[in-house]
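I opened my notebook to look around a structure one piece at a time. Here is what I looked up, in the order I went.

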Amino acid sequence: MVRSLLCANAPFGARRLRVRSCAALLALCAVLSAPGCAHRPHLQSSGLPDPSPDASTGGVEPAAQAPLSPNSFDVVRPVTWRQAEDRGVERIPADAEAAQPRLEPALRLAVPFDNVSPQSVEELVLLAEAQNPRLIALRREADAAQAKTGYADKLPDPTIGANVFAAPIETAAGAQTANMTVMQKIPWLGRLDAKTRQMWFESLAVIQVYQAERLKVAADVRAAWYRLYVLQRQVEVNEALQSLLEPLIRVANGRVAAGRASQGDVLLGTLQLSRLSEQLLTLRQQLASDKAELNRLLGRPAEFPISVASRIDVALPDWSHEQLRQLAIEQQPDIAAAALRVQASRWGMEVARLERRPEVSIGASWYAINDNRPAANIVDVGRDAWSVGMQVSVPLWRQKYDAMEREAASRHLATHATVEDVVNRYDALLRDLWEQARAASETSQLYRSTILPQAEQTLKADQESYSTGAVEFDRVMRDLQNVLTLRLEYHRAEGRLAIALARIRQAVGVDLASPSSGPERLPAPDP
């Protein structure tokens with residue numbers, strides 16, 4: 001329509017010529033804006049994976065590129081620290097699959113959470129990995145970071161413009177009524193390449209952040225579940241001691257009625273029973289709070305019912321601090337993310353260095369000229385005019401580019417220090433967790449084999465002696481309090497061991513095999 005308005009007053013032959021000229025100009029615009037104008041072959045020859053949707057997936061399964069649903073979960077293979085170090089500025093691997101983590105579907109929960117009844121702590125972990133909102137958000141952020149690499153090396157969009165002269169410009173060849181211009185800006189291709197590599201490493205770092213959060217959620221679920229177990233055992237111990245204390249109070253009442261004991265024995269027993277009732281209220285409140293926290297990790301309402309295991313079989317595995325430290329250095333996603341950020345900052349330095357390179361803009365213009373002049377031998381009357389031009393930016397401001405390079409270098413040094421800090425932090429954390437696990441294991445074994453049996457035998461003997469009047473009532477109360485304290489400490493030691501092992505599995509970055517001697521089964525939910 002615009003072309004028709006421009007050439008409304010031109011003869012038919014000249015109008016057809018101008019239509020062909022306009023079509024050629026638009027074809028040039030389409031060529032400049034085509035994906036092939038981007039330096040994709042240059043990227044592929046350098047070994048960097050092609051992250052664009054229309055190119056090779058470079059090791060990504062097509063099924064893994066489907067949008068993540070709330071009831072699905074994809075595991076991203078972690079990139080180890082050494083693998084990240086091998087992907088330096090000069091050592092980008094030529095194999096695209098080696099440079100890109102593989103997305104593998106690991107779990108598809110197609111049923112709502114209210115129809116899922118997990119039967120073990122590992123099933124709870126899988127449920128959390130599928131439904132935890134934080135994990136879903138990080139997974140989508142990782143997808144967004146990967147998608148960003150698909151347009152980092154593309155050329156800017158071409159520009160096209162047109163001018164219609166209200167008062168035509170009169171020339172010897174005719175009146176110039178309009179012109180059309182198309183322009184394509186071409187940045188320095190090496191800078192686009194470096195920026196793409198920088199974004200690619202940043203996207204890999206985001207994937208590792210997602211992996212670290214996945215391990216954290218799994219450890220939080222295990223820790224919350226073990227705390228529930230400890231609290232439930234404490235509730236049971238409290239209720240058992242109350243049932244043991246009530247017959248003693250009845251015996252004390254009988255002895256007071258017979259004149260063989262004072263009223264103080266009954267009051268002491270009643271006071272101890274009241275204290276146990278108070279502790280029971282606190283334990284049930286903590287139990288309800290921990291269930292709400294576990295439901296939050298599972299992405300469920302806080303009041304959703306949770307069954308607690310009747311027992312756990314946990315033992316200290318045959319590990320060592322050096323073994324765990326080496327595993328963490330090789331497999332911990334936080335360390336891998338820090339190393340990948342080092343590689344990204346290296347390419348950031350290259351991007352800053354190439355900011356000094358000029359940018360080129362090429363363009364073509366077409367001028368519509370009417371044949372409203374008499375025919376002449378000197379000029380072609382009514383012949384449209386063409387022009388091709390080029391513009392180059394001139395990077396004159398040296399201080400600006402020096403500041404860019406200093407900024408990039410400082411960021412690179414900061415990422416190096418971050419890697420060392422993360423490695424040292426996990427080294428200290430693993431040492432602390434391993435010592436906690438060893439101490440908890442030895443403590444629970446000591447309670448189970450020596451302290452608890454002796455305390456229970458003492459309580460049983462003093463109960464029988466009190467019935468015959470051989471011991472005082474306050475001694476039986478002390479024995480009862482000792483048994484209560486020791487049983488609670490025994491279950492706490494078991495819980496500390498299980499939680500420390502769960503945190504070690506998180507810190508090393510590998511979901512090590514559970515040290516339990518058997519599956520940790522949950523009872524059927526109580527209606």
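**Entry 1: words first.** Before naming any piece, I noted that helices here are DSSP runs of at least four residues, numbered from the N terminus. I also reminded myself that this is a predicted model.

**Entry 2: a spot in helix H8.** I started with Ala-223, which lies in helix H8. Is Ala-223 buried or exposed? Its relative accessible area is 0%, and buried means under 20%, so Ala-223 is buried. Then I looked for a residue far along the chain to pair with Ala-223, and I picked Ala-502. These two are 279 residues apart along the chain, yet their C-alpha atoms are separated by 6.7 Å.

I stayed in helix H8 and moved on to Leu-228, which also has its place there. Leu-228 is buried too, again with a relative accessible area of 0%. Its C-alpha atom is 9.2 Å from that of Leu-294, a residue 66 positions away along the chain.

**Entry 3: the sheet.** Next I turned to the strands. I kept one general idea in mind: strands of a sheet pair through backbone hydrogen bonds, either parallel or antiparallel. In what order do the 4 strands of the open sheet come? I read the order as S3-S4-S5-S6, with antiparallel pairing. The edge strands are S3 (159-171) and S6, and each of them pairs on one side only. On average, neighbouring strands of this sheet are turned by 20° against each other, ignoring direction.

I then walked across the sheet pair by pair.

- S3 and S4 are antiparallel and share 9 bridges. A hairpin of 2 residues joins S3 to S4. I found Thr-171 bridged to Gly-174 in S4, and Val-164 standing opposite Ala-178 in S4.
- S4 (residues 174-186) and S5 run antiparallel and are joined by 10 bridges. Gln-184 has Ile-362 of S5 as its bridge partner, while Gln-176 has Ile-369 of S5.
- S5 and S6 (residues 385-392) pair over 8 bridges, also in the antiparallel sense. Here the bridge partner of Val-360 is Val-392 in S6.

How many of the 10 residues of S5 are buried? I found that 7 of them are, so S5 (residues 360-369) is largely enclosed by the rest of the structure.

**Entry 4: helix H6 and a loop.** I asked the burial question again for helix H6 (residues 121-131). Of its 11 residues, 8 are buried, so H6 is largely enclosed by the rest of the structure. Among the buried residues of H6 are Val-121, Leu-124, Val-125 and Leu-127. I was pleased to see that Glu-129 and Gln-131 are on the buried list as well.

From Val-121 I jumped to Val-308, which sits in the loop between helix H9 (263-297) and helix H10 (321-331). Val-308 is buried, with a relative accessible area of 14%. Val-308 and Val-121 are 187 residues apart in sequence, and their C-alpha atoms are 9.8 Å apart in space.

**Entry 5: two helices side by side.** How do H11 and H12 run against each other? Their axes come within 8 Å and cross at roughly 170°. Angles over 145 degrees count as roughly antiparallel, and that makes H11 roughly antiparallel to H12. By class, the contact of H11 with H12 has 13 nonpolar, 6 polar and 6 charged residues.

**Entry 6: a pocket.** Last, I looked at the second largest pocket, which holds about 300 Å³ of space. It is lined by 17 residues, and the closest to its centre are Gln-198, Glu-202, Ala-344, Ser-345 and Arg-411. Which helices each supply at least two residues of this lining? They are H8 (189-257), H11 (333-353) and H12 (398-468). H11 gives the most, with 7 residues. I sorted the lining of this pocket by class and got 8 nonpolar, 4 polar and 5 charged residues.

**Looking back.** Helix H8 came up twice: it holds the buried Ala-223, and it helps to line the second largest pocket. H11 also came up twice, once as a partner of H12 at roughly 170° and once as the helix that gives the most to the pocket lining.

Terms used: Residues are numbered from 1 along each chain as its sequence is written. This is a predicted model: local features need pLDDT of at least 70, side-chain atom pairs count only at pLDDT 80 or more; totals for chains, interfaces and linings use all residues. Side-chain values use heavy atoms; hydrogens and water are left out. Buried means under 20% relative accessible area, exposed over 50%, partly exposed in between (1.4 Å probe, protein chains only). Two strands pair if DSSP finds at least two bridges between them. On a 1 Å grid over the protein atoms alone, a cavity is a set of points where a 1.4 Å probe fits but cannot get out, and a pocket is an open set with protein on both sides within 12 Å along at least five of seven lines; lining residues have an atom within 4 Å of a point. Grid points are joined across faces, edges and corners, and a volume is the space filled by probe spheres set on the points. Ala, Val, Leu, Ile, Met, Phe, Trp, Tyr, Cys and Pro count as nonpolar, Asp, Glu, Lys and Arg as charged, and the others, Gly among them, as polar. Axes are lines fitted to C-alpha atoms, for helices over the stretch in contact, and angles run from 0 to 180 degrees between N-to-C directions. Angles under 35 degrees count as roughly parallel, over 145 as roughly antiparallel, 65 to 115 as roughly perpendicular and the rest as oblique.
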